[in-house]
Amino acid sequence: MGLHNLYRAAVAALLMSAPLLGSAGEAAALYEVYCTQCHGVSGDGNGINAPHMSVQPRDHTDPTEMGTRTDDDLFKVIKHGGKAINKSVLMPAWEHNMTDEQIHALVDHLREMCCSK
Ligand code: HEC
């Protein structure tokens, strides 16, 4: 099984184990499976891949940086990848892994991490 399918299976397992969570819980599960290896378990940009990357993953808990992005910006970069907003291709595109609804839920999740304190 490829890494990609492994991720999908892990997400499916997480979602099935928490069927009543709704979209906030789903977004947290998606973030944990797809995003934390680069962005870190707490979203601070210190994922296990980060030390090996030439461009550092965004710190999603930084309200100063994240506060300057619109929801549309965040949606676009998650869906189409870093290249879509003239950033690093090291930020992957997720359009083939996620529905628009899931991406919107992730945008809300990012807002909670950066800006709701
Ligand atoms: C393979 C590593 C990697 C993974 C996995 C990854 N990212 Fe990123 N991400 C990056 C890097 C690197 C950047 C910084 C790009 C830059 O500044 O040029 C970034 C930047 C971002 C940004 C900020 C763009 C901006 O405006 O500065 C957002 C939002 C983001 N990622 C969301 C996510 C979400 C949500 C996921 C999971 C679905 C995810 N990323 C998974 C590497 C990754």
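**Reading helix H5 and its surroundings**

Modeller: Let us start at the end of helix H5, which is followed by Gly81, a residue whose phi is positive, near 90°. Please keep in mind throughout that this is a predicted model.

Colleague: Before we look at H5 itself, how many helices and strands does the chain have?

Modeller: The chain has six helices and zero strands, and from the N terminus on its elements run α-α-α-α-α-α. Of the 117 residues of the chain, 21% count as buried.

Colleague: Which residues of helix H5 are buried, and where on the helix do they lie?

Modeller: The general idea is that an α-helix has 3.6 residues a turn, so residues three or four places apart point the same way. In helix H5, which spans residues 71-80, the buried residues are Leu74, Val77 and Ile78. Seen down the axis of H5, these buried residues fall within an arc of 95°, so they line one face of the helix.

Colleague: What covers the buried residues of H5?

Modeller: The cover includes helix H6, residues 100-115. Leu74 illustrates this part of the structure, since, leaving aside residues up to four places away in sequence, Leu74 touches Arg69, Val107 and Leu110.

Colleague: How many residues does the largest nonpolar core have, and which of them have the most contacts inside it?

Modeller: That core has 17 residues, and those with the most contacts inside it are Leu30, Leu74, Ile78, Leu106, Val107 and Leu110. Helix H2 (22-34), H5 and H6 each supply at least two residues of this core, and H6 gives the most, with seven residues.

Colleague: Turning to the ligand, which residues come nearest to it?

Modeller: Of the 24 residues around the ligand, Cys35, Cys38, Lys87, Ser88 and Met91 come nearest. The elements that give two or more residues to this shell are helix H3 (36-39), H5 and H6, and H5 gives the most, with four residues. By character, the residues of the shell divide into 15 nonpolar, five polar and four charged.

Colleague: And Thr64, in helix H4: is that residue buried or exposed?

Modeller: One reads this by counting neighbours, and a residue is exposed if 12 or fewer other C-beta atoms lie within 10 Å of its own. Thr64, which lies in helix H4 (residues 63-66), has 8 C-beta neighbours inside 10 Å and therefore counts as exposed. The C-alpha atoms of Thr64 and Cys115 are separated by 8.9 Å, although these residues are 51 residues apart along the chain.

Notes: Residues are numbered from 1 along each chain as its sequence is written. This is a predicted model: local features need pLDDT of at least 70, side-chain atom pairs count only at pLDDT 80 or more; totals for chains, interfaces and linings use all residues. A residue is buried if 20 or more other C-beta atoms lie within 10 Å of its own, exposed if 12 or fewer, and partly exposed in between; C-beta atoms are placed from the backbone. The arc is that of the directions from the helix axis to the C-beta atoms. Two residues are in contact if their C-beta atoms, placed from the backbone, lie within 7 Å. A nonpolar core is a set of buried Ala, Val, Leu, Ile, Met, Phe, Trp, Tyr and Cys residues joined through C-beta atoms within 7 Å. A residue is near a molecule or strand if its C-beta atom, placed from the backbone, lies within 6 Å of it. Ala, Val, Leu, Ile, Met, Phe, Trp, Tyr, Cys and Pro count as nonpolar, Asp, Glu, Lys and Arg as charged, and the others, Gly among them, as polar.
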